[in-house]
Amino acid sequence: MRRTDKEMKDGIEEVLRRAKICRIAMCDGGVPYCVPVIFCYSDGFIYIHSAREGRKIDILRRSSLVCFETEIDISLIRSGSPCKWTLAYKSVIGVGRASFVEDREEKRKALNCIIKKYSNEDFEISNEDLDKVEVIRIEIEEMSGKRSP
């Protein structure tokens with residue numbers, strides 16, 4: 001990290017737990033592709049809910065390497081002219097390897113984690129519903145946090 005004064009040593013997991021959207025970046029034959037996803041962070045992994053087909057799925061089947069980014073507590077800080085304005089935020093960026101969750105219980109647990117995060121409710125997910133979606137697990141290889149100011 002270039003700006004070590006903004007490095008966030010504590011609070012990375014808080015950002016991952018509180019953030020509403022995570023952006024996942026992949027490489028599609030030399031072309032960058034980034035997509036916002038709903039997600040949850042659990043047991044040291046990022047879990048993503050997805051349709052069973054589409055560009056993201058196609059890319060991940062060819063290459064599991066991803067970059068992820070998310071942020072919380074964003075607010076504009078005005079100081080003098082607009083050229084001197086800045087943002088307050090806490091962010092996390094990292095890289096990892098994506099895989100498709102095949103184990104029914106892990107898939108059910110991940111989907112429940114996502115549902116609970118966005119609705120604060122618990123649901124019983126049928127096997128039929130499990131079969132209609134993909135759950136992608138990102139094994140985090142490295143990540144860092146940044147806060148400003």
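Partly exposed here means a relative accessible area between the buried limit, under 20%, and the exposed one, over 50%. Keep that in mind as we go through the cysteines of this predicted model. Cys34 is a good place to begin: at 49% relative accessibility, Cys34 counts as partly exposed.

Does that residue have a bonding partner, and what would a partner have to look like? A disulfide is called when two cysteine sulfur atoms sit within 2.5 Å. For Cys34, the nearest cysteine sulfur belongs to Cys67 and is 8.1 Å away, so with a cut-off of 2.5 Å Cys34 is in no disulfide.

Cys27 tells a similar story. Its closest cysteine sulfur is also in Cys67, but at 12 Å that is too far for a bond. Cys27 is partly exposed as well, with a relative accessible area of 45%.

Now for the pair that does make it. The count comes to one disulfide, and Cys40 and Cys113 are the ones that form it, with their sulfur atoms 2.4 Å apart. That falls inside the 2.5 Å limit, so the pair qualifies. If you look along the S-S bond, you'll find 130° about it, which makes the link of Cys40 and Cys113 right-handed.

What does this link hold together? Cys40 lies in strand 4 (residues 39–42) and Cys113 in helix 3 (residues 104–119), so the disulfide ties together parts that are 73 residues apart in sequence.

The two ends of the bond also have their own surroundings. Cys40 counts as buried, at 1% relative accessibility, while Cys113 is partly exposed, with a relative accessible area of 23%.

How values were computed: Residues numbered from 1 in each chain as written. Predicted model: local features only at pLDDT ≥ 70, side-chain atom pairs only at ≥ 80, totals over all residues. Heavy atoms only, no water. Helix = DSSP H or I, 4+ residues; strand = E, 2+ residues; numbered from the N terminus. Buried < 20%, exposed > 50% of the residue type's maximum accessible area, 1.4 Å probe, protein only.
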